[in-house]
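Please walk through this structure from one contact between chains outward. The account below starts with a pair of side chains and then turns to the interface, the fold and a few single residues.

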Protein chains: 2
Amino acid sequence: MPDQLSQVFAALADPTRRDIVARLTLADATVGELAEPYDVSTQAVSKHLKVLEAAGLVSRSREAQRRPVHLEAEVFDLMTAWIERYRRQAEERYARLDALLTEMNVETSTDTTRDGEAS
Amino acid sequence: MPDQLSQVFAALADPTRRDIVARLTLADATVGELAEPYDVSTQAVSKHLKVLEAAGLVSRSREAQRRPVHLEAEVFDLMTAWIERYRRQAEERYARLDALLTEMNVETSTDTTRDGEAS
DNA sequence: CACTTCCTAAACCAGTTGGTTGACTACAAC
DNA sequence: GTTGTAGTCAACCAACTGGTTTAGGAAGTG
């Protein structure tokens, strides 16, 4: 049982599952409806849904013998929070590096600037 | 060779690799530096880096016998583009559903509202 | 009741993954 | 040259994945 973030990323690493999620943004759907476009068994789709459910990306209710699948879109925030955090951190780093370089009147070149270079 | 988006998601589905990416937002690093905090061999970290590189998340240059690893932060955009697209689509759908419900003077309840129920 | 529909469970299989160990390349320094 | 340091490659292994097939549960319909 890995952490949820890992499960969400792993769940979306599969194109079929990404497609299922994409279609669920338009409307809830049953397993049969979801399986119809793909060239695999409904059992395979059922497995995909189990993965998505374990990641918290979808929930399933019960309605007669059908099991409507519903997207839990809030989980997206988990990913965007992670991504944005480190994207910002990377940007800040580049900004600092850039400022340092202009301060030193050095052209932005591809060398390393790590140590010893600035004697 | 799956599509890049799948590779990026898969790469970030591993906590060790996410941690490596996080640390690379602060500074480039060598394989040895990256491997040091973890209780695994450098070979294992080298493998992780190969996965990240295949996904386009990092690049490696050459500097004496060292192989500095550099984060390619632009790849984040690939993910955010996908996520934001479907997040927005989901939100629009909820908004439409909500508008429809208030228009019908129906309280937002948890039942299915699909058919048959309202006899 | 029997029967069909919708879906899940279990067993199996080939391919991938994340880790190991051991051997190897590349460079630097002695 | 030899030695040491940084890293990769190859073979191996247990565990997981995405698919299959076969069987079965749950709820409507004749």
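**A salt bridge across the interface**

The side chains of R93(B) and D28(A) form a salt bridge, with 3.0 Å from N to O. This pair runs between chains: R93(B) lies in helix 5 (residues 76–103) of chain B, and D28(A) lies in the loop between helix 2 and helix 3 of chain A. R93(B) counts as buried because its relative accessible area is 12%, under the 20% cut-off. D28(A) has a relative accessible area of 31% and is therefore partly exposed. The model is a predicted one, and the distances and areas in this text are computed from it.

A second salt bridge also joins the two chains. D3(A) pairs with R18(B), and the closest N and O atoms are 2.9 Å apart. Here D3(A) sits in the segment before helix 1 of chain A, while R18(B) belongs to helix 2 (residues 15–24) of chain B. With 34% relative accessibility, D3(A) is partly exposed. R18(B) is buried, since its relative accessibility is 7%.

How many salt bridges lie between chain A and chain B? The count is six. Over all chains, the same rule gives a count of 11 salt bridges. One that lies within chain B links R66(B) to E63(B), with 3.9 Å between the closest N and O atoms. Both of its partners are partly exposed: R66(B) has 39% relative accessibility, and E63(B) has 26%. Elsewhere, D77(A), E84(B) and R87(B) are joined into one network by salt bridges that share partners.

**The interface as a whole**

The contact between the chains draws 35 residues from chain A and 37 residues from chain B. Of the area that chain A buries against chain B, 18% comes from R18(A), W82(A) and R93(A), more than from any other three residues. Together the two chains bury about 3,200 Å², and 60% of this is on carbon and sulfur atoms.

Polar contacts were counted as well. Between chain A and chain B there are 18 residue pairs in polar contact, with both residues at pLDDT 80 or more. On the side of chain A that touches chain B, the elements that give two or more residues are helix 1 (4–12), helix 2 (15–24), strand 2 (69–71) and helix 5 (76–103) of chain A. Helix 5 of chain A gives the most to this side, with 13 residues. By residue type, the side of chain A that touches chain B divides into 20 nonpolar, six polar and nine charged residues.

**Chain A on its own**

Which elements make up chain A? Chain A has five helices and two strands. Their order along the sequence is α-α-α-α-β-β-α. Chain A holds 119 residues, and 36% of them count as buried. Among contacts in chain A with a separation of 6 or more, 47% are between residues 24 or more positions apart. The area that chain A exposes is about 7,100 Å², of which carbon and sulfur atoms supply 50%.

**Two buried residues**

The first example is in chain B. F9(B) is part of helix 1 (residues 4–12) of chain B. Is F9(B) buried or exposed? F9(B) counts as buried because its relative accessibility is 0%. Setting aside residues up to four places away in sequence, F9(B) touches F9(A), L12(A), A13(A), R18(A), M79(A), M79(B) and W82(B). The list thus includes residues of chain A, among them F9(A) and R18(A). R18(A) is also one of the three residues named above for the area that chain A buries against chain B. Within chain B, the C-alpha atoms of F9(B) and A55(B) are 8.7 Å apart, although 46 residues separate the two along the chain.

The other example is in chain A. T30(A) is placed in the loop between helix 2 and helix 3 (31–35) of chain A, the loop that also holds D28(A). T30(A) has a relative accessible area of 10% and so is buried. Leaving out residues up to four places away in sequence, T30(A) touches R66(A), R67(A) and P68(A).

Notes. Residues are numbered from 1 along each chain as its sequence is written. Chains are lettered from A and ligands numbered from 1 in the order in which they are written. This is a predicted model: local features need pLDDT of at least 70, side-chain atom pairs count only at pLDDT 80 or more; totals for chains, interfaces and linings use all residues. Side-chain values use heavy atoms; hydrogens and water are left out. Contact means heavy atoms within 4.5 Å. Buried area is the accessible area (1.4 Å probe) that two parts lose on being put together, summed over both. A salt bridge is a side-chain nitrogen of Lys or Arg within 4 Å of a carboxyl oxygen of Asp or Glu. A polar contact is a pair of N or O atoms within 3.5 Å; within protein, one must be able to donate a hydrogen and the other to accept it, and residues adjacent in sequence count only if both atoms are side-chain atoms. Helices (H or I, at least four residues) and strands (E, at least two) are DSSP runs, numbered from the N terminus. Ala, Val, Leu, Ile, Met, Phe, Trp, Tyr, Cys and Pro count as nonpolar, Asp, Glu, Lys and Arg as charged, and the others, Gly among them, as polar. Buried means under 20% relative accessible area, exposed over 50%, partly exposed in between (1.4 Å probe, protein chains only). Accessible areas come from the Shrake-Rupley method with a 1.4 Å probe; for residues, only the protein chains shown count as cover.
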